[in-house]
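Biologist: Before I use terms such as strand pairing, core and contact, I would like to know what earns each of them. Could we go through them one at a time?

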Amino acid sequence: MMSTYYAGLFADIGILFLGAMSVYIILATGQLSLGNAGFMGIGAYVASFLTVEMHLPLTAALVASALVAAVIGVIVGFPALRLKGIYLAIATLGFGEVVRSFLLNFDRMGGAGGFHGMKHVSLEYIWTWAGLIFLLIVMLERSRLWLEMRAVHDDETAANLVGLNTTMTKVGAFGSGAAVAAISGGLFAHHYVYIEPGNFGFERSIDFVLAVILGGSTVGAGAAVGAALLVLLPEWLRFLADWRLAAFGVLLVLVLLTRRQGILDRPLLDKLRFRRARS
Amino acid sequence: MTVLSLSNVSKSFGGIRALSDVSLSVPEGRIVGVIGPNGAGKTTLFNVITGAYRAASGEVVLGGETITQWPSWRIMRSGVARTFQNIRLFASMTVWEHLLVAQPRQNALWRNALPVSWADAEARTRAEDALTFFGLEQYRDVIARTLPYGIQRKVEMARALTAKPKLLLLDEPVAGMNAEEAADLRTLFRRLNERGLSILLIEHDMPFVMTLCHQLYVLDFGALIAEGTPDEVRTNPLVLDAYLGTEAA
Amino acid sequence: MLLQQLVNGLTLGAVYTLVALSFSLVMGILSVLNIAIGELFMLGGFIGFAVIASNLPLPVALVFAMAGAAIASFIIQKVAYEPLRDAPLITPMLSTLGFSIILQNIVTNVWGSDPLQLPAELFDADFTVGPVRIGVMQVVVVGVTVVLVGAVAYLVQRTSAGRALRAIAENRDVARMLGVSVSRTTFLAFAISGLLAGAAGVLISLHYAAITPYIGVDIGLKAIAVMVIGGTTRVWGALLAGPLIGVAEVMTIAYGGSQIRDFIVYGLMILILLLRPQGLLGGARSDVGQRV
């Protein structure tokens with residue numbers, strides 16, 4: 001049996017892993033979202049409302065919250081088409097803050113005081129979701145649809161001119177990413193059994209992005225590596241006491257400087273897999 | 001049967017007429033060339049056909065359907081494929097991935113979200129065929145952008161062909177190639193044409209165009225000044241004056 | 001009451017203006033979102049606080065804070081930005097995030113994580129104009145801001161260094177071909193950005209009469225909104241947008257409940273991005289942002 005301490009850490013990793021995957025999906029089309037904590041918050045609040053007030057089973061509540069977030073993601077995705085690069089990132093950052101301050105004012109769900117009454121979920125349940133969605137992404141990565149997303153990432157004009165509907169691809173990525181972030185949020189709410197708007201601020205969005213970039217933004221497994229590092233590293237650095245965050249910052253910069261593509265990338269994965277030589 | 005026809009197409013940029021009243025057609029199974037001096041509007045013509053620009057007036061008809069207002073991706077999904085003057089390959093993709101990305105989608109949309117290796121044997125066969133046809137087997141898993149220029153051109157053409165076009169648009173396909181490579185491509189285009197593919201190409205290389213095309217249009221300052229078989233165009237005094245004259249000078 | 005709020009809003013807005021300019025120098029010119037600017041600002045506040053607490057005059061505090069933040073900014077440029085200059089935008093952004101974590105940790109270890117109060121006698125002096133009470137400190141905050149913005153505007157619009165900055169903002173490759181030194185100009189952008197953030201830190205600690213290590217994120221995000229609303233292409237944009245947001249914020253707190261202020265600020269920012277991406281005062285701009 002795992003100690004409570006490690007169980008807590010692994011739950012955090014699972015939740016962050018889902019959040020990182022939500023950024024990964026959107027980033028695969030070349031769009032950087034700094035507002036996925038907003039979708040996470042939407043998921044957390046919708047799922048909690050459904051389980052606590054409507055007495056829905058958790059799984060149904062998570063699916064419903066993912067759908068709600070997906071719709072909002074698509075609504076965000078359309079205006080996002082007008083923006084590129086850092087301006088898109090800033091607009092999504094704004095979206096995240098708008099959601100957070102909406103939740104602060106949403107008295108029906110506790111407002112600034114937060115919301116509670118959820119039932120605690122098991123570590124296994126969290127990882128079932130994380131594993132399931134990871135599996136979906138791994139399958140998707142080998143599909144034509146994913147190639148289309150990468151084409152949009154690499155050269156949007158050329159993608160259009162080889163017959164790819166780039167609008168649908170980009171908006172679809174926003175919708176799917178939002179759904180995954182919402183699941184992360186729903187699980188967060190039912191792991192900590194208490195949520196407040198501050199849980200879903202800019203730092204959370206940045207954590208998602210950080211996990212993806214650290215772990216490697218060109219393969220889905222990178223999100224897992226990044227999430228694990230982001231949760232475990234500060235724990236392993238505990239011996240440094242007051243200076244552990246500074247040490248974490250230094251390590252972060254060092255990894256980015258020495259491996260800007262992230263820890264995992266396709267060539268490394270291929271090597272790890274001892275891929276059979278094609279004849 | 002006409003694959004593509006343009007009638008009275010005009011396009012201007014900030015008061016400068018890039019195309020004025022251009023009408024042309026590509027009959028099925030033919031290789032049609034558009035020639036003209038630099039800045040004559042050739043690339044603009046391609047951009048209007050592929051929906052990258054909207055024609056200000058006039059009509060573009062593809063296989064019986066008016067496509068003037070269609071978005072690019074829809075035009076390209078309806079039987080047109082193109083290559084670019086400055087090669088545009090996807091930076092992160094291998095040759096093999098390029099041969100999959102532009103293929104027509106499967107009818108059951110959800111199947112496109114499944115791994116190609118399980119769910120799309122047809123796409124794999126088509127990609128393998130293209131690989132063999134262009135002699136790219138040895139580059140299959142190489143990032144296409146890292147290959148030599150001539151090979152990249154082939155990858156781009158192969159990508160275009162995997163979209164199963166009825167009409168192939170080639171934007172200066174032999175630019176930067178030596179005579180031998182150009183001759184190679186000529187043979188290749190002939191073979192494709194014999195399989196029933198119609199081709200519209202823009203090219204500067206005169207001997208190449210003259211020996212490959214069935215029919216030529218000459219564009220000068222955005223307007224058509226002549227059309228006919230290569231022999232007719234070669235002897236047309238207007239053309240000699242506007243184009244071949246300046247080229248020789 | 002209304003006028004009083006207006007004055008308070010202007011003071012807060014002045015600080016936003018400076019931090020927004022600090023962001024916009026690096027972003028407008030190098031297209032990099034330097035997340036550590038929030039912490040440079042916080043660092044400036046603490047240095048200024050330490051100087052004032054040891055009974056030295058305010059100008060000395062400003063000089064030390066600006067120098068300290070500029071040095072930190074220089075280190076960030078050399079370590080976090082330069083080596084990653086040709087990486088996708090997201091990578092240098094995250095390495096500046098690494099520095100913001102480091103800076104916050106250092107400040108917390110040196111000064112502690114509890115808010116520090118400035119000595120009250122500093123803020124006693126005030127005068128009344130009609131019904132409005134104006135603190136001397138408020139005049140100082142606005143005055144210093146106006147002087148600094150004026151200096152930056154002069155530098156950017158009138159000097160050869162400023163021309164180099166604008167040329168690189170316009171088109172890096174063309175500027176380089178025309179003989180503009182990219183490394184010198186980059187240094188200049190980061191240095192001025194640090195100076196402004198440092199000064200703003202001192203001013204905010206005067207405004208609130210207190211400072212905490214966590215002030216960087218909140219004000220930093222607001223300043224990004226101010227930068228976008230004012231536009232990154234004109235210095236004066238931030239001078240208009242800063243007070244606009246400051247006043248709007250103070251007014252919503254006074255009359256509408258404090259909670260909706262962020263909603264309004266970021267909502268406005270998104271609207272501007274979508275409808276007028278060059279900002280309120282920005283000139284025409286065809287290309288908005290590059291690929292991630």
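Modeller: What follows goes through a few such terms, and the model is a predicted one.

Biologist: What makes E1 and E4 of chain B a pair of strands?

Modeller: Two strands pair if there are at least two bridges between them. Strand E1 (residues 2–13) and strand E4 (residues 57–62) of chain B are joined by five bridges and run antiparallel, so they pair. Within this pairing, Leu4(B) stands opposite Leu62(B).

Biologist: Why are E2 and E5 of chain B called edge strands?

Modeller: The open sheet has four strands in the order E2-E1-E4-E5 (chain B), with antiparallel pairing. Strand E2 (16–27) and strand E5 (65–66) of chain B each pair on one side only. Helix H1 (residues 42–49) of chain B lies across E1, E2 and E4 of that chain, at about 65° to E2(B).

Biologist: How do you know that Val19(C) is in contact with Phe41(C)?

Modeller: The test is that their C-beta atoms, placed from the backbone, lie within 7 Å. Phe41(C) is listed for Val19(C), as are Ile37(C) and Ala223(C), among others, with neighbours within four places in sequence left aside.

Biologist: What makes Val19(C) a buried residue?

Modeller: Val19(C) is among the residues with the most contacts inside the largest nonpolar core, which has 278 residues. Members of such a core are buried, with 20 or more other C-beta atoms within 10 Å, so Val19(C) meets that cut-off. Helix H1 (residues 2–30) of chain C gives the most to this core, with 14 residues.

Key. Residues numbered from 1 in each chain as written. Chains lettered and ligands numbered in written order. Predicted model: local features only at pLDDT ≥ 70, side-chain atom pairs only at ≥ 80, totals over all residues. Helix = DSSP H or I, 4+ residues; strand = E, 2+ residues; numbered from the N terminus. Contact = placed C-beta atoms within 7 Å. Axes fitted to C-alpha atoms, helices over the stretch in contact; angles between N-to-C directions. Core = buried A, V, L, I, M, F, W, Y, C linked by C-beta atoms within 7 Å. Buried ≥ 20, exposed ≤ 12 C-beta atoms within 10 Å, placed from the backbone.
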